[in-house]
Amino acid sequence: MRILLYRADGVIEPWVREFAALMPQVETVAWKEGQSLPPCDYAVVWSPEPALLDQLAHVRAIFLMGAGVDALLKLGAALPPVPIVRLGDAGMGVQMAEYVAHAVLRYFRRFEEYEQQARHGAWNPLPQTPKEEFTIGIMGLGRLGLPVVEALRVFGFTVRGWSRTPKDIPGVECFHGADGLDPFLRATRVLVCMLPLTPDTSNLLDRHNLGKLLPGAYLINVSRGAILAEPDLMTLIRSGHIVGATLDVFRHEPLPAPHPFWNEPRIAITPHISALTIRHDAVRQIAEKITALENGQPVGDIVDRDLGY
Ligand code: NDP
């Protein structure tokens, strides 16, 4: 069996080593612009170029080295008509839970303010917001959203969720679809965005929707930058309706140097690190799925091109 390994950043060697360890019977091949590809059974890629996709019409499946599929689906007609399989959790769920729980607790326990006070030598206990006033709303209850829900419930927060289709999660009030968005937002103090970027979710977090959050709201966006209307967030932060945001993803990455977010102290910025691909877990997952496909068994995490995720 021959598998193509391709990453736009060119960092392929560590992936070659993982495949050699987990699938020693497999030959892995690399590709560079201008080369023609020998026939391959599968492709494992991240940010492939159209010139490469043109050569993948005969692979049995294209595996992605990550969970987000928006950049690939944007290529539209260039995509060969073969199944596209995204990474499932593969170690990312726990990282998302760590990141979001940290951000929520930082706001809830007022650590930012204590850090500021400490810099000025101030010993000044602040009033604690009652937990029942700190409702958390998770948008996206998928493979990465659910571990976040579980992690936050450990601390006794009221967690509510919103998804496209109805969900039944014990102890979590669930909303879905366009009709469920308004009641979901209106009782949310901390909004956590874990949605995929699709035509339906692009710019969903705009002035209109963010304005429905409880006054003194917080936003945590860990999914895709284009779901957020960035100028609208600035407006709501300046008005005081939103009092803090933790952003891991941006419309343009790296976040450009002259961007108002850099100078806004109420916005915490991280460089798209909330859940990194753990190579060993990813290759193990891909290897298991290739074995299943070879045995004629179904595999999960196949991208629905119509839904966009
Ligand atoms: P899933 O596909 O498992 O879950 C997506 C969730 O979003 C589902 O609950 C789905 O609803 C919901 N959803 C999708 N469209 C809509 C809509 N129009 N309205 C309401 N709900 C909707 O994805 P993951 O949890 O694995 O990942 C989520 C995103 O996180 C990825 O798409 C990626 O962009 C991002 N990501 C970011 C990383 C980072 O480091 N910052 C790392 C990895 C991923 P339903 O359950 O009804 O289908």
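A residue counts as buried when its relative accessible area is under 20%, as exposed when the value is over 50%, and as partly exposed in between. Keep that in mind for the close-ups below, which all come from a predicted model.

**Figure 1. Cys193 is a buried cysteine without a bonding partner.** Cys193 has a relative accessibility of 0%, so this residue is buried. Could its sulfur pair up with another one? The closest cysteine sulfur belongs to Cys174 and sits 16 Å away, which is too far for a bond. A disulfide would need the two sulfur atoms to be within 2.5 Å. Cys40 is another buried cysteine, with 11% relative accessibility. How many disulfides does the structure hold? The count is zero.

**Figure 2. The ligand sits in a shell of 30 residues.** Which of them come nearest? They are Arg86, Arg143, Thr165, Lys167 and Tyr309. Sorted by kind, the shell has 13 nonpolar residues, 10 polar ones and seven charged ones. Helix H4 (92-108) gives at least two residues to this shell, and so does strand E7 (159-163). Two domains take part as well: domain 1 (2-89 + 277-294) and domain 2 (92-269) each bring at least three residues to the shell.

**Figure 3. Polar atoms of Arg164, Arg224 and His272 meet the ligand.** Arg164 does this with its backbone: one of its polar backbone atoms is 2.9 Å from a nitrogen atom of the ligand. Arg224 uses its side chain instead, with a polar atom 3.4 Å from a ligand oxygen. His272 also offers a polar side-chain atom, here 3.5 Å from a nitrogen atom of the ligand. How much of the ligand's own accessible area does the protein cover? Of the 940 Å² that the ligand has on its own, 92% is covered by the protein.

**Figure 4. Ser163 reaches the backbone of Thr165.** Ser163 is part of strand E7, the strand that supplies at least two residues of the ligand shell. With a relative accessible area of 8%, Ser163 falls under the 20% limit and is therefore buried. A polar atom of its side chain lies 2.7 Å from the backbone oxygen of Thr165. You have met Thr165 already, as one of the residues that come nearest to the ligand.

**Figure 5. Lys212 and Asp182 touch through their side chains.** Look for Lys212 in the loop that runs between helix H8 (207-210) and strand E10 (217-221). Is this lysine buried or exposed? Lys212 is buried, at 14% relative accessible area. Its side chain makes a polar contact with that of Asp182, at 3.1 Å.

**Figure 6. Ser47 and Ala90 have positive phi angles.** Most residues other than glycine have a negative phi. Ser47, though, has a phi near 55°. This serine is in the loop between strand E3 (42-46) and helix H2 (50-53), and it is partly exposed, at 39% relative accessibility. Ala90 has a phi near 45°. Its loop links strand E5 (84-85) and H4, and Ala90 itself is buried, with a relative accessible area of 9%.

**Figure 7. A cis peptide bond leads into Pro254.** Most peptide bonds are trans. The one from Glu253 to Pro254 is cis, with omega near -5°. Where does Pro254 lie? Pro254 is in the loop between strand E11 (242-247) and strand E12 (267-269).

**Figure 8. Two residue pairs are separated along the chain but each sits 8.4 Å apart in space.** Phe19 belongs to helix H1 (residues 13-22). This phenylalanine is buried, at 1% relative accessibility. How many residues lie between the sequence positions of Phe19 and Arg284, counted as a separation? They are 265 residues apart in sequence, while their C-alpha atoms are 8.4 Å apart. The other pair is Ala268 and Asp248, 20 residues apart in sequence and 8.4 Å apart from C-alpha to C-alpha. Ala268 is in strand E12 and is partly exposed, at 27% relative accessibility.

How values were computed:
Residues are numbered from 1 along each chain as its sequence is written. This is a predicted model: local features need pLDDT of at least 70, side-chain atom pairs count only at pLDDT 80 or more; totals for chains, interfaces and linings use all residues. Side-chain values use heavy atoms; hydrogens and water are left out. A residue is near a molecule or strand if one of its heavy atoms lies within 4 Å of it. A polar contact is a pair of N or O atoms within 3.5 Å; within protein, one must be able to donate a hydrogen and the other to accept it, and residues adjacent in sequence count only if both atoms are side-chain atoms. Accessible areas come from the Shrake-Rupley method with a 1.4 Å probe; for residues, only the protein chains shown count as cover. Helices (H or I, at least four residues) and strands (E, at least two) are DSSP runs, numbered from the N terminus. Ala, Val, Leu, Ile, Met, Phe, Trp, Tyr, Cys and Pro count as nonpolar, Asp, Glu, Lys and Arg as charged, and the others, Gly among them, as polar. Domain bounds come from an automatic or database domain assignment. Buried means under 20% relative accessible area, exposed over 50%, partly exposed in between (1.4 Å probe, protein chains only).
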